[in-house]
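Reader: Hey, got a minute to walk me through a model? I'll throw short questions at you as we go.

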Amino acid sequence: MCMTAAAAWPSGRTIYPDSAAAHADIAAALKTAAATHRRVLLDFGGNWCGDCIVLDMYLHNERNRPLLEANYVLVRVNVGHLDENLDIAARYQVPVAHGVPEVAVLSETGKLLYSSRTKELELAVQRSDAAAVTRFLLQWKPAKAGCSMMAVNC
């Protein structure tokens with residue numbers, strides 16, 4: 001898996017920003033989410049992490065990118081080598097001590113809706129299952145105004 005990620009990912013590309021940016025990035029994302037009625041997807045990881053690179057590739061493939069952009073504000077939280085932004089991970093009940101990538105989904109008001117304690121996306125990455133990422137994005141996307149359980153295209 002790591003070999004695939006390394007071969008598919010341009011050398012030196014940075015996915016996760018400087019760890020000092022996380023608090024401000026989350027605050028900005030919550031403002032954007034509130035204004036656009038999207039969820040906030042917190043992606044905890046590090047630039048050294050092969051599985052994090054694969055998750056990023058799955059999030060941005062041709063099937064998932066439109067789902068991601070229409071329904072989520074993505075914030076990448078750099079955890080260094082599992083030694084930075086641990087306060088944010090704890091706040092959102094994300095168990096980064098057991099490895100990354102890990103995610104949390106927040107409502108547009110900042111309420112925690114999902115934390116990757118079950119390692120759902122990490123397992124999808126390890127199994128090379130991009131469709132599991134699609135299912136995750138569909139499961140946690142916000143309900144659109146006027147949609148019901150019977151509506152198909154919401």
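Reader: Let's start with Asp129. Buried, partly exposed or exposed?

Author: Asp129 is partly exposed, at 24% relative accessibility. For the cut-offs, buried is under 20% relative accessible area, exposed is over 50%, and partly exposed is in between, with a 1.4 Å probe and protein chains only.

Reader: And which residue does Asp129 form a salt bridge with?

Author: Arg135, and the closest N and O atoms of that pair are 3.3 Å apart. A salt bridge here is a side-chain nitrogen of Lys or Arg within 4 Å of a carboxyl oxygen of Asp or Glu.

Reader: Before I go on, what sort of model is this?

Author: This is a predicted model, where local features need pLDDT of at least 70, side-chain atom pairs count only at pLDDT 80 or more, and totals for chains, interfaces and linings use all residues. Residues are numbered from 1 along each chain as its sequence is written, and side-chain values use heavy atoms, with hydrogens and water left out.

Reader: Good. How many salt bridges does a search of the whole structure find?

Author: It finds 3. One of them joins Arg76 and Asp56, with the closest N and O atoms 2.5 Å apart. That pair links distant parts of the chain, since Arg76 sits in strand β2 and Asp56 in helix α3, 20 residues apart. Helices (H or I, at least four residues) and strands (E, at least two) are DSSP runs, numbered from the N terminus.

Reader: How accessible are Arg76 and Asp56?

Author: Arg76 is partly exposed at 21% relative accessibility, whereas Asp56 is buried with a relative accessible area of 3%.

Reader: What about the salt bridge between Glu69 and Arg65?

Author: Their side chains meet at 3.4 Å, N to O. Glu69 and Arg65 are 4 residues apart in helix α4 (residues 64-71), so about one helical turn separates them. Glu69 is partly exposed at 46%, and Arg65 is partly exposed at 36%.

Reader: Staying on α4, which residues there are buried?

Author: Asn64, Leu67, Leu68 and Asn71. They are on the same side of α4 because they cover an arc of only 95 degrees around the axis; the arc is that of the directions from the helix axis to the C-beta atoms.

Reader: What do the buried residues of α4 pack against?

Author: They pack against β1, α3, β2 and α7 (130-140). Contact means heavy atoms within 4.5 Å.

Reader: How do α3 and α7 cross?

Author: Their axes come within 9 Å and cross at roughly 65 degrees. Axes are lines fitted to C-alpha atoms, for helices over the stretch in contact, with angles running from 0 to 180 degrees between N-to-C directions. Leu55, Tyr58 and Leu59 of α3 make the contact with Ala130, Val133 and Leu137 of α7.

Reader: Switching to the hydrophobic stuff. Which residues touch the most other members of the largest nonpolar core?

Author: Leu42, Phe44 and Tyr92, in a core of 24 residues. A nonpolar core is a set of buried Ala, Val, Leu, Ile, Met, Phe, Trp, Tyr and Cys residues joined through side-chain atoms within 4.5 Å.

Reader: Which elements give two or more residues to this core?

Author: α2 (22-36), β1 (39-45), α3 (50-59), β2 (72-78), α5 (86-91) and β3 (102-106). The largest share, 4 residues, comes from α2. Apart from this core lies another one of 19 residues, among them Val54, Leu68, Val103 and Leu137.

Reader: Zooming out, how many helices and strands are there?

Author: There are 7 helices and 4 strands, and from the N terminus on they run α-α-β-α-α-β-α-β-β-α-α. Of the 154 residues, 46% are buried.

Reader: Last thing, the backbone oddities. Where is the cis peptide bond?

Author: It joins Val100 and Pro101, with omega about 10 degrees. Pro101 is in the loop between α5 and β3.

Reader: And what is phi for His37 and Leu82?

Author: Phi of His37 is near 55 degrees, a positive value in a residue other than glycine, and His37 lies in the loop between α2 and β1. Leu82 also isn't a glycine, yet has a positive phi of about 65 degrees; Leu82 is in the loop between β2 and α5. His37 is partly exposed at 49% relative accessibility, and Leu82 is partly exposed at 29%.
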